Amino acid sequence: MNTELTGIIATFLLTLVIAIPLGKYLAKVFAGEKVWTDFLKPLENLIYKLSGINIKVQMDWKQQLKALLAINVLWLVYGFFVLIFQNHLPLNPDGNPGMTPDLAFNTIISFVANCNLQHYSGESGVSYLTQQFVLMFLQFVSAATGIAAAVVFFKAFRDKTTTQLGNFWEFFVKAITRLLLPLSVIVALILTFNGTPASYDAKDQFISVQGDTVNVSRGPAAQFIAIKHLGTNGGGYFGANSAHPFENPSYLTNMVEAISQTIIPLAMVIAFGYFIRRRKLAWTIFGVMTIGLFMLLIPTITSELGGNPALAKMGISQATGAMEGKEVRFGPAATAYWSTLTTVISTGSVNGMHDSTMPLTGLWQLLAMMINGFYGGCGVGILNYFIYLIIAVFISGLMVGRTPEFLGHKVEAREIKIAALITLLSPFLILAGTAIASYVFTNHADAAWAVQPKAWLNNPGFHGFSEMLYEVTSSNANNGSGFEGLGDNNVFWNVLTGVIIFLGRFLPIIGPVAIAGLLGAKKFIPESAGTLKTDTKTFALMTLAVILVLNALSYFPALALGPLAEYFTMLK
Amino acid sequence: MKKYIIPSIRLTLVLIVLLCIIYPISIALAGRFSKGNGAGEKITKNGKTIGYALLGQSFTKPAYFWGRPSAVNYNAAGSAGSNKGPSNPDYLKEVQSRIDTLLKYNPGLKKSEIPADMVTASGSGLDPNISEQGATIQIARVAKTRHISEQKVKELVALNTIKPLMGLFGPSSVNVLKLNLALDNL
């Protein structure tokens, strides 16, 4: 078998081997049971003490969300000002300028929201201070926010009837001390010892073999790249993200980075089952998500390994597959694998340029982000999936004529309304956003912005439309990858995507936590013969069908105008 | 809301110390024991830095093995791919002209022998590697320009070929900079 395929199979198997025990460990950590990392308790107690937090205070779901939003708003304000004034602050050895207000608005929302859409380039757009004290900081805390929100949601289903959902600060801090920070240290060290820079040295300059003067951007990148993947953030230290040889020096580091962005979302699903003592349910969810992953992954790999038909016509050899925008050390298979992972999981880091992938690959990438619930981002993935579950419970309930129930709690009008609104939010933001962009592109081509609308698109025709659709979809999914040909650093895209990222982050956290809180407070109904079982294969299939039908109905027209149209024109 | 704001501020400050000072500085210190002291491994010749082991650089002279096309001309302070879509007509013209250039400088080369990586831009614009096939098709040209035997060049290519990880995972590739330096040192 060819080594490119064995490489991705090995990567996936290693991911499972790490993620499953990690999930069991997380369930124990958040349930407060004994684990081997308890030696970190004194550190946590010190953090609580210095912050004036009493973790014995129990919060209901509203208080949890208030705490979550308060600290997130604080980070927005803090980061915004650092970004604008970074040129006046220390640790800026390359003398990079401060950000414009609209770029700072976009960037700070993007990083607070765990999205990491970047309209700047790491080498020239930010200082070392910004990279570490704002961006990397937010990569830790935004991932921890997602995980803490998921644990609150777990809590609601652990006991029969409860309004006491634990302490937000405790979950949040533990997500960092017991999970993100230790793993980041390991991954950062692996990267550093494989060639990724980790020091604070400024830009270097050398004369190349042929006599060209070359400037080399460096800096503390390994620390950043570790959490960028573990926290499913995805923002690159350098412009080319994980395609850059410093960010991702070898096939080994590529495997490490691909594994590190996948383990926590997988582990959270397992943790859910162990935490609420319903392992079978977790495995069912895990099964649906994995089937979903493969449904997107296999055609992506086929499409990339097939190469570009237009280049095939020129008569060259594409023995390993399409190579535009890809790196030789990874090859098309590992790049295709990564592109599916990063869109399914909302990391949004890339090890090859998505804009240059084949039309159908673009289709699967877009669809993965539109669904946004096959594993999904740190913590928020399972929350997104929960919305699909509630809709599936409701529809199944209607089909068999029973009051819908989930884990012993009646699902009633209020919960369904919330779930329906959250379900509608994504298509609304994605389609309306793309429509506005297309309108501006066609009718206000000469608007006097930093990048005029007529110069937005790097590619003509259907592919150009895909660039806009991708940008908006990626924002809503809090993914952060892009068809990077799009000229996006101007007030229109900065504001539009900033607003979409914000809504696409916080409403899908508030919704599921609210539903869980409401359900958890209801009277517990013991399971009977009449209960609709949610951990069976039938129900799993039902959920998968709901996911596919909802998304197909919402997005088929948009996908037909972009990647599908491009695919069919290339067949000619 | 005040109940949440004050702890938020204090917690943020504490975490900044932990995550933005203690964590990255510890890694940077550990990095001093890595190749290149954690600032990128340099390649030097006669005491001068002539490149970074991981970063590709531009080679255009016939006596050197060429690397992949780069959208940013190997600018290591502004990495990027071309972001050209697969059906873009301008892009396809560009690929065609790269094919023509290769055919011109490598007489006897057949189109069907040209691997895709030699005519497509890399994702980073800094790809240090080419495929084995990409090196093979240049052997005759390099040997002829340097007046050395093809066998000798072939051996150097083999020496600078990076095998799949543990022989099992991922593609093999050839590091262009190291190969060219080996040629210069002959």
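## Report on a predicted two-chain model

Of the 572 residues in chain A, 62% count as buried. A residue is called buried if 20 or more other C-beta atoms lie within 10 Å of its own, exposed if 12 or fewer do, and partly exposed in between, with C-beta atoms placed from the backbone. This is a predicted model, in which local features need pLDDT of at least 70 and side-chain atom pairs count only at pLDDT 80 or more, while totals for chains, interfaces and linings use all residues. Residues are numbered from 1 along each chain as its sequence is written, and chains are lettered from A and ligands numbered from 1 in the order in which they are written.

### The two chains

Chain A contains 18 helices and four strands. Helices (H or I, at least four residues) and strands (E, at least two) are DSSP runs, numbered from the N terminus. The radius of gyration of chain A is 23 Å, close to the 25 Å that the globule rule gives for 572 residues, so chain A is as compact as a globular protein of that length. The radius of gyration is taken over C-alpha atoms, and the globule rule is 2.2 Å times the number of residues to the power 0.38.

Chain B has six helices and five strands, and along the sequence they follow the pattern α-β-β-α-β-α-α-α-β-β-α. A compact globule of 186 residues would have a radius of gyration near 16 Å, whereas chain B has 22 Å. Buried residues make up 47% of the 186 residues in chain B.

The C-alpha atoms of chain A fill a box of roughly 75 × 60 × 55 Å along the principal axes. For chain B the corresponding box is roughly 75 × 45 × 35 Å.

Contacts within each chain can be sorted by sequence separation. Two residues are in contact if their C-beta atoms, placed from the backbone, lie within 7 Å. In chain A, 78% of the contacts between residues at least 6 apart in sequence join residues at least 24 apart. In chain B, residues 24 or more positions apart account for 53% of the contacts with a separation of 6 or more.

### Where the chains meet

The contact between the chains takes 100 residues from chain A and 85 residues from chain B. The side of chain A that touches chain B has 52 nonpolar, 34 polar and 14 charged residues. Here Ala, Val, Leu, Ile, Met, Phe, Trp, Tyr, Cys and Pro count as nonpolar, Asp, Glu, Lys and Arg as charged, and the others, Gly among them, as polar.

### A helix pair in chain A

Two packed helices are described by the angle between their axes and the distance between the axes. Helix H3 (residues 61–84) and helix H4 (residues 101–112) of chain A pack at an angle of about 140 degrees, with their axes 9 Å apart. Axes are lines fitted to C-alpha atoms, for helices over the stretch in contact, and angles run from 0 to 180 degrees between N-to-C directions. H3(A) and H4(A) are therefore oblique to each other. Angles under 35 degrees count as roughly parallel, over 145 as roughly antiparallel, 65 to 115 as roughly perpendicular and the rest as oblique.

Residues of H3(A) in this contact include A:Trp75, A:Leu76 and A:Phe80, and those of H4(A) include A:Phe105, A:Ile108 and A:Val112. The residues of the contact divide into twelve nonpolar, three polar and no charged.

### Selected residues

The table gives the surroundings of four residues.

| Residue | Location | C-beta atoms within 10 Å | Class |
|---|---|---|---|
| A:Arg158 | helix H6 (residues 128–158) of chain A | 19 | partly exposed |
| A:Phe374 | loop between helix H13 (359–371) and helix H14 (380–400) of chain A | 26 | buried |
| B:Asn83 | loop between strand S2 (48–52) and helix H2 (89–105) of chain B | 24 | buried |
| B:Met166 | loop between strand S4 (161–162) and strand S5 (173–175) of chain B | 11 | exposed |

Not counting residues up to four places away in sequence, A:Arg158 touches A:Phe275 and A:Ile276. A:Arg158 and A:Gly273 are 115 residues apart in sequence, with their C-alpha atoms 9.7 Å apart in space. With the same exclusion of residues up to four places away, A:Phe374 touches A:Met289, A:Gly292, A:Leu293 and A:Val344. The C-alpha atoms of A:Phe374 and A:Ile501, 127 residues apart along the chain, are separated by 19 Å.

In chain B, B:Asn83 is a residue other than glycine with a positive phi, near 55 degrees. B:Met166, also not a glycine, has a positive phi of about 55 degrees.
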